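I opened the model to look up a strand pairing and the surroundings of two side chains. My entries follow in the order in which I made them.

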Amino acid sequence: QVHVQESGGGLVQAGGSLRLACAASGRTFLINSMGWFRQAPGKEREFVGRIRWSGGSTMYADSVKGRFTVSRDNTKNTVFLQMNSLKPEDTAVYYCAASTLGRGSKTENDYPYWGQGTQVTVSS
């Protein structure tokens with residue numbers, strides 16, 4: 001079993017920055033990639049970005065490309081989501097998830113392990 005836990009959410013003004021962290025524990029050797037997803041009120045959960053555990057390749061949703069960066073610290077089994085130039089439409093609950101697939105994915109069904117989420121609110 002793999003456990004993941006997010007931290008670092010909060011309230012920030014538009015144009016500001018915030019960094020989220022996600023710590024993985026348990027059978028972390030199973031992890032192939034870590035993904036970030038978000039769900040805004042009244043909307044479906046959507047892919048934000050992901051990073052391969054080995055090699056560190058990344059993939060992003062078009063809506064955050066150039067503003068958000070996913071990075072990792074393998075020594076601490078932790079991934080980060082650096083969010084810059086935040087907009088009110090980035091307001092959502094942000095989730096971290098772990099995948100054991102042998103390929104990177106932006107499909108939430110490919111991520112069996114999920115954190116509880118952390119709220120990010122961007123004020124205008």
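Entry 1. I began with β1 and strand β3 (residues 18-26), which run antiparallel and are joined by six bridges. The model I consulted is a predicted one. I looked up one bridge by residue and found that Val2 has Gly26 as its partner in β3.

Entry 2. I then traced the sheet, which is open and consists of four antiparallel strands in the order β1-β3-β8-β7. β1 (2-7) and β7 (68-73) each have a single partner strand, so one side of each has no neighbour in the sheet. From one strand to the next, the twist averages 20 degrees.

Entry 3. I turned to Arg38, which I located in strand β4 (residues 33-39). Is Arg38 buried or exposed? Its relative accessible area is 5%, and since buried means under 20%, I entered Arg38 as buried. I noted two polar contacts of the Arg38 side chain: one with the side chain of Glu46 at 2.6 Å, and one with the side chain of Tyr94 at 2.9 Å. Beyond four places in sequence, the residues in contact with Arg38 include Val48, Phe68, Glu89 and Asp90.

Entry 4. Finally I looked up Thr118, which lies in strand β11 (residues 118-123). Thr118 also counts as buried, at 13% relative accessibility. A polar atom of the Thr118 side chain lies 3.2 Å from the backbone nitrogen of Gly9. Setting aside residues up to four places away in sequence, I recorded that Thr118 touches Glu6, Gly8, Gly9, Leu20, Ala92, Val93 and Tyr94. Ala92, Val93 and Tyr94 are also among the residues in contact with Arg38.

Notes: Residues numbered from 1 in each chain as written. Predicted model: local features only at pLDDT ≥ 70, side-chain atom pairs only at ≥ 80, totals over all residues. Heavy atoms only, no water. Helix = DSSP H or I, 4+ residues; strand = E, 2+ residues; numbered from the N terminus. Buried < 20%, exposed > 50% of the residue type's maximum accessible area, 1.4 Å probe, protein only. Polar contact = N/O pair within 3.5 Å; in protein donor to acceptor, adjacent residues only side chain to side chain. Contact = heavy atoms within 4.5 Å. Pairing = 2+ DSSP bridges. Axes fitted to C-alpha atoms, helices over the stretch in contact; angles between N-to-C directions.
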